[in-house]
Amino acid sequence: MASQEVPPSKVDPQLSMAAERTLLSWIRTGLAMMGFGFVVARFGLFLREMSLEQNTPMKPGTHMSVFMGTALVLIGIVAFLVSARDHARYLHRLSHGIIEPVPKRSLGILVSVALAAIGAAMVAYLIVLAVTE
């Protein structure tokens, strides 16, 4: 399907409103990923504090939560930046009367693959911890 050019005055205003809702949903997704990443990163700190308080030796590998949490925060930041860029480009195209029905790539697929990779790393890490205990 090729791009359609429409006079800017004939562009449906609902398209820009839909684009705004899409941007806001990506902002909500990025905030959720950043919040979850912060919780994951701080969980390792919580475990260290608990082991110090109970005078028990700290389990090796609790620092991995900091890396996983940081990765989630970074994915949230990428979601913010890419969605803002895509939104600005889409609004620019709309202002020139260009309607493009299918994006060339999908931010959702990119974020999904990155989260799946982090999830797989977490699973592998938990399996290694279970085997070594």
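**Helix α1 and the core of a predicted model**

α1 has 41 residues and spans 60 Å from its first C-alpha to its last, close to the 60 Å expected at 1.5 Å a residue. The model is a predicted one.

Trainee: In what pattern do the helices and strands follow one another along the sequence of the protein chain?

Mentor: The protein chain holds three helices and two strands. Read along the sequence, these elements are arranged as β-α-α-β-α.

Trainee: Which helix gives the most to the largest nonpolar core?

Mentor: The largest nonpolar core has eleven residues, among them Trp26, Met33, Leu72 and Val111. At least two of its residues come from each of α1 (13–53), α2 (64–95) and α3 (107–132). The helix that gives the most, with five residues, is α2.

Trainee: Which residues does Met33 touch, leaving aside those up to four places away in sequence?

Mentor: Met33 is among the buried residues of α1, and it also belongs to the largest nonpolar core. Once residues up to four places away in sequence are set aside, the residues that Met33 touches are Leu72, Val73, Ile75, Gly76, Ala79, Val111 and Leu115.

Trainee: Among contacts between residues at least 6 apart in sequence, what share joins residues at least 24 apart?

Mentor: A contact here means heavy atoms within 4.5 Å. Among the contacts in the protein chain between residues at least 6 apart in sequence, the share that joins residues at least 24 apart is 86%.

Trainee: Which residue just after α1 takes a positive phi?

Mentor: α1 covers residues 13–53. Just after this helix, a positive phi of about 55° is taken by Asn55.

Terms used. Residues are numbered from 1 along each chain as its sequence is written. This is a predicted model: local features need pLDDT of at least 70, side-chain atom pairs count only at pLDDT 80 or more; totals for chains, interfaces and linings use all residues. Side-chain values use heavy atoms; hydrogens and water are left out. Helices (H or I, at least four residues) and strands (E, at least two) are DSSP runs, numbered from the N terminus. A nonpolar core is a set of buried Ala, Val, Leu, Ile, Met, Phe, Trp, Tyr and Cys residues joined through side-chain atoms within 4.5 Å. Buried means under 20% relative accessible area, exposed over 50%, partly exposed in between (1.4 Å probe, protein chains only). The expected span of a helix is 1.5 Å times one less than its number of residues.
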